[in-house]
Amino acid sequence: MIEVRIHGRGGQGAVVASKILAVTIFKEGKYVQSFPNFGVERRGAPVTAYTRIDNKVIFLRCKIYNPDHVVILDPSLIEAINITEGLKEKGWVIINSDKEPSHFNSLLKKYRVATVDAHSIALKHGLGSKANPIVNTAILGAFCKTTGLFRLSSLLEAVREEVPAAQERNVQAVEDAYHQVKY
Amino acid sequence: MKEKDEDEIKVVIYRSEKEMPPVPMSVANTLYNKTGTWKYVQPIYQNRTPPCNAGCPAGEDIEGWLSLVGKGDFLEALQLLLSENPFPAICGRICYHPCEKACNRGKFDQPLSINSAERFLGDYGIKEGAPILTSTERKKERIAIIGSGPAGLTSAYHLANMGYYITIFEASSQLGGSLIKKYSPERLPVEVVEAEIERITKRGIKVRVGTKVGDDISLESLQREYQAILLATGDQKSKILKADKEKAVLSGLEFLEATGVKWGVKLEGGIAIVGERDIPEKEVRSTPRIMTDPMGATHEKGVFACGDITFIPRAINHEVGSGKRAAMAIDSYLKGEDIKKKLELVKVGEGESVSMRSYITGAVKWVNKVVSFDELNLDYFEEKPRFLNPEMFAEGAIIKDEIAVQEAERCFHCGVCTQCDNCYIYCPDLAISRRKDSKGYRINYDYCKGCLICVHECPRNAMSYEGVVK
Amino acid sequence: MKKILMGNHAVSYGALLSRVEVIAAYPITPQTQVVEELSKMCAQGKLKARYINVESEHSAMAACIAAEQAGARTFTATSSHGLTLMHELLHWAAGARLPIVMANINRSMAPGWSIWTDQNDSLSQRDTGWLQIYCESNQEVFDSIIQAYKIAERVLLPVMVVLDAFVLSHTYEPVDIPEQELVDQFLSKLDYPYKLDVKNPCSFGSLLPPEYYLELRYKMQKAMEEAHDVIIKVDKEYQQMFGRSYGGLVEEYRTEDAELVLVASSTVASTARMVVEQLRDEGVKVGMIKMRFFRPFPTQEVVNALKGKKKVAVIDRNISYGQGGIFCEEIRSVLYNIDQHERPPVFGYIAGLGGRDITPTTIREILSHTLKEDKPKENIIWIGVKH
């Protein structure tokens with residue numbers, strides 16, 4: 001079983017990202033489960049969402065405490081909360097950032113770090129606004145390339161189905177991130 | 001379920017749970033239980049006479065036209081008003097409006113501003129050009145009307161509407177009688193009088209001004225040419241006052257002699273007499289008058305009288321009413337019918353008010369019982385002061401339509417169903433249903449058990465009750 | 001067709017495929033998406049149902065009662081305070097023998113204000129005459145809505161399909177949505193035999209004197225008893241048609257040679273499967289029964305599964321104050337009359353109230369405690385209380 005935790009802020013699309021991830025992997029014939037942190041959400045406040053992936057039926061129904069990988073939609077969260085809490089050693093930390101992975105020295109001791117400038121990619125493709133770029137689809141492109149857990153084509157198919165608007169621009173953002181991610 | 005089956009239904013006693021339905025429901029169609037047999041009183045759904053209507057000597061359906069004003073249907077309201085009274089703009093200025101005194105709302109907050117609403121509607125009619133109701137039916141009889149004051153003109157108007165050929169003989173050079181002479185132009189502008197008279201004469205009425213019956217043309221010749229004659233020469237006092245008192249009386253006599261109407265001591269039936277009489281309104285002075293029956297017939301066959309020459313209070317509303325009654329009497333006479341038999345049909349309240357619509361259609365809108373204040377359910381009304389006042393008609397002031405609508409909306413519609421659904425909603429036995437033709441409600445007396453909740457919850461007493469003889 | 005659906009939308013799809021005709025509901029967290037989706041389906045014409053907006057859950061149930069009485073297949077959904085506000089009318093719906101189906105998202109009762117899961121809202125409706133189904137997955141939620149209509153309309157009692165707040169309601173997972181045609185074959189159009197008929201007006205729910213009240217209640221209990229076999233039959237028919245079944249009222253999981261049997265319901269049962277599996281791998285003879293139905297109470301199934309076992313541990317995500325876990329008390333009660341030698345000690349655990357997460361560790365703790373002790377020392381064994 002692989003468990004993924006996604007950190008973002010309310011409005012960035014963390015919950016939708018966890019669902020797209022689930023749909024993508026479901027398309028490849030695996031079992032999936034995704035859910036938001038149980039509770040109340042507010043725009044701008046830290047938000048967490050989860051995805052479980054397995055080759056057999058998933059009976060486990062509780063929160064994820066020891067994720068295999070974490071995805072960070074907003075780099076400011078690194079300072080604000082403990083984004084690696086419970087993260088398994090050698091797990092991937094995929095960060096939306098224009099910096100090199102080496103910039104996140106302290107993380108590199110225990111984990112693997114990948115970075116992608118999902119912010120610029122989202123703006124380039126007109127996703128969201130300058131104040132609030134929607135980076136959730138782009139970062140999944142980076143997640144796909146980095147972890148190799150699923151095929152890019154499955155992800156693109158899921159994005160086309162699940163994104164409520166501007167599907168093709170989201171697809172382009174995913175592809176850009178897939179190719180630009182540094183790790 | 002057939003009636004036979006209903007009688008056969010008995011109280012069901014279950015001996016075991018197996019016989020019972022699983023659901024707590026009646027075993028049989030509930031229609032068998034004719035709760036209507038329990039009652040000793042029962043509601044009656046019928047419109048009753050609004051006090052304003054009963055209080056209007058001109059016999060207007062005030063509640064009716066107010067209701068239409070309240071809906072913003074000014075043209076329809078005006079048509080309804082004109083079906084009884086051809087002078088709304090005039091009455092709206094000079095009538096002493098006993099209707100407002102009768103209005104039940106007066107005991108609640110302030111009476112409806114009926115007189116001002118009538119003026120609004122009358123002026124609207126002049127401005128917009130009121131529709132002319134021309135009778136499709138032409139009758140062959142010809143009627144001569146002597147005098148063109150409000151009473152004579154009212155008669156002419158209604159008789160013309162019925163399809164008769166009308167000729168008005170006016171001694172002076174101008175139509176209008178007291179309407180011209182009696183009021184200051186500030187109170188009653190000449191243009192208003194002319195506009196409303198023109199609306200009458202437009203109906204194909206022949207007018208011969210400067211023709212004094214007796215001098216210029218004899219009554220006998222009129223009697224030969226016309227099948228009915230209406231004396232509407234009005235109050236002759238202003239002329240007579242110039243002479244001495246004894247002569248004043250004589251003057252009246254002379255007038256009557258000149259016209260050839262027989263007079264004398266009281267005889268049976270309709271009689272024409274001349275003399276001084278006390279009349280109810282103190283401020284209206286008595287003067288030589290013709291005695292007629294309540295509908296305006298003199299004892300002379302084919303000769304009728306109306307207006308101030310008869311025994312009525314001298315005020316526009318009474319004059320209109322008098323003219324209407326004479327029109328009815330003449331029509332009945334020409335048809336060979338007894339007007340007395342129609343009196344109960346046309347009476348509105350117990351006073352002199354009569355309904356031309358009831359006369360024409362033979363149908364009544366209300367049972368003739370006036371609704372009293374105590375019979376209303378005031379829980380359904382909110383206090384609301386008047387929106388419309390006579391003072392608002394200062395020279396040149398324009399009354400907005402909404403004001404008239406708001407004022408009309410204050411009307412309680414005493415005795416007249418507005419289909420508020422209260423009876424329908426509150427009936428605990430579902431014995432009241434809406435009529436499919438949207439004309440109010442139907443009471444199913446088979447199931448009405450006489451609780452009278454509908455009567456109580458009817459705000460306006462359109463639902464009343466009566467005892468049931470078992 | 002498999003779709004990734006959140007639990008709440010699995011409810012909506014269940015109602016859609018059941019071709020409900022009237023929906024009256026009032027939104028409440030965590031149920032909101034159920035009615036959001038249904039109102040959207042109605043607005044789009046996907047679902048030919050009358051959606052009635054109401055001003056409270058009390059009114060929602062009143063509208064459902066009226067609609068069902070008129071012969072329409074009726075649906076509503078609610079949660080916690082919404083459900084308890086309905087309480088009076090839940091009695092009415094059952095007493096009037098109306099086969100209404102409702103989804104309830106298990107959410108704790110305030111105060112303290114909580115939007116997270118536990119079972120006190122639905123279990124406190126125990127005596128209203130509603131059947132109750134507790135689900136462990138979104139697929140079971142969807143399937144149970146369709147099954148619920150078939151059961152309800154056969155025994156003429158209303159059914160409540162219950163799912164955990166967030167753990168199911170907001171969790172996305174694959175749900176197999178069958179073809180409408182197939183569902184139509186399984187669930188025919190409602191023909192309610194005691195419906196309002198203007199041509200043959202009858203009075204409903206009017207005064208019932210003491211001579212007959214008892215008999216009607218007797219019949220209601222008989223219907224509940226009859227429901228037992230109907231549930232099993234419907235579940236089997238469902239399997240034949242759709243390939244999925246849930247064991248009727250109770251599912252036994254690895255109980256055949258078990259010495260210790262865990263009793264769980266809802267999503268706790270799902271997580272417990274994993275733990276049972278792990279402990280079996282470790283050589284512990286443990287099994288589980290999943291309480292799918294709470295009403296009618298599966299007395300015979302519980303007795304059969306538990307008699308002769310060495311120990312029973314019951315997890316209750318609920319509490320009847322002054323007594324204990326509600327499932328536990330009912331299980332103890334049905335075991336009382338069996339032969340003393342076959343009667344296992346029953347350990348009653350209370351955990352996870354107000355949405356406190358029940359993880360595999362929690363369940364392991366419960367099982368280890370049960371294995372360690374010979375007999376329960378207390379009526380309630382609390383798990384996770386910070387002392």
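**Exercise 1. Handedness and packing of α1(C) and α6(C)**

Task: In this predicted model, state the hand of the crossing of α1(C) and α6(C), then classify their relative direction.

Solution.
Step 1. α1(C) crosses α6(C) in a right-handed sense.
Step 2. Take the geometry. Helix α1 of chain C covers residues 7-17, and helix α6 of chain C covers residues 138-155. Their axes come within 8 Å and cross at roughly 25 degrees.
Step 3. Apply the cut-off. Angles under 35 degrees count as roughly parallel. α1(C) is therefore roughly parallel to α6(C).
Step 4. List the contact residues. α1(C) contributes Gly7(C), Ala10(C), Val11(C), Tyr13(C), Gly14(C), Ala15(C) and Leu17(C). They meet Asn138(C), Val141(C), Phe142(C), Ile145(C) and Ile146(C) of α6(C).
Step 5. Sort by class. The contact of α1(C) with α6(C) holds nine nonpolar and three polar residues, with no charged ones.

**Exercise 2. A helix pair in chain B**

Task: Work out how α8(B) and α14(B) are oriented to each other, and give the classes of the residues in their contact.

Solution.
Step 1. Locate the helices. Residues 150-162 of chain B form α8, and residues 316-335 of chain B form α14.
Step 2. Read the geometry. The axes lie 7 Å apart, and the packing angle is about 40 degrees.
Step 3. Classify. Roughly parallel needs an angle under 35 degrees, and roughly perpendicular runs from 65 to 115. So α8(B) and α14(B) are oblique to each other.
Step 4. Add the hand. The two helices, α8(B) and α14(B), make a right-handed crossing.
Step 5. Name residues. The α8(B) side includes Pro150(B), Thr154(B), His158(B) and Met162(B). The α14(B) side includes Ile316(B), Glu319(B), Lys324(B) and Asp331(B).
Step 6. Count classes. The contact of α8(B) with α14(B) has nine nonpolar, four polar and three charged residues.

**Exercise 3. Domains of chain C**

Task: Describe the division of chain C into domains and the area buried between domain 1 and domain 2 of chain C.

Solution.
Step 1. Set the bounds. Domain 1 of chain C is 2-242, and domain 2 is 250-382.
Step 2. Place the centres. Over C-alpha atoms, the centres of these two domains of chain C are 28 Å apart.
Step 3. Count contacts. In chain C, 29 residues of domain 1 touch 26 residues of domain 2.
Step 4. Give the area. Domain 1 and domain 2 of chain C bury about 2300 Å² between them, and carbon and sulfur atoms give 52% of it.

**Exercise 4. Which chains touch?**

Task: Of the two pairs of chains in contact, find the one that shares the most contacts.

Solution.
Step 1. Rule out one pair. Chain A and chain B make no contact, and their closest C-alpha atoms lie 42 Å apart.
Step 2. Pick the pair. Of the two pairs in contact, chains A and C share the most contacts.
Step 3. Count residues. 18 residues of chain A contact 23 residues of chain C.
Step 4. Give the area. Chains A and C bury about 1900 Å², with 68% on carbon and sulfur atoms.
Step 5. Find the main contributors. Phe38(A), Phe59(A) and Arg61(A) supply 39% of the area that chain A buries against chain C, more than any other three residues.

**Exercise 5. Backbone exceptions**

Task: Find the cis peptide bond that joins Ala110(C) to its partner, and the sign of phi at Ser438(B).

Solution.
Step 1. Recall the background. Most residues other than glycine have a negative phi, and most peptide bonds are trans.
Step 2. Check omega. The bond between Ala110(C) and Pro111(C) is cis, with omega about -15 degrees. The bond from Pro111(C) to Gly112(C) is cis too. Its omega is near -5 degrees.
Step 3. Place them. Pro111(C) sits in the loop between β5 (101-106) and α5 (120-123) of chain C. Gly112(C) lies in the loop between β5 and α5 of chain C.
Step 4. Check phi. Ser438(B) has a positive phi, near 65 degrees. Ser438(B) is in the loop between β9 (432-434) and β10 (441-443) of chain B.

Terms used: Residues numbered from 1 in each chain as written. Chains lettered and ligands numbered in written order. Predicted model: local features only at pLDDT ≥ 70, side-chain atom pairs only at ≥ 80, totals over all residues. Heavy atoms only, no water. Axes fitted to C-alpha atoms, helices over the stretch in contact; angles between N-to-C directions. Helix = DSSP H or I, 4+ residues; strand = E, 2+ residues; numbered from the N terminus. Parallel < 35°, antiparallel > 145°, perpendicular 65-115°, else oblique. Left-handed = near helix turned anticlockwise from the far one by under 90°. Contact = heavy atoms within 4.5 Å. Nonpolar A, V, L, I, M, F, W, Y, C, P; charged D, E, K, R; others polar. Domains from an automatic or database assignment. Buried area = accessible area lost by both parts, 1.4 Å probe.
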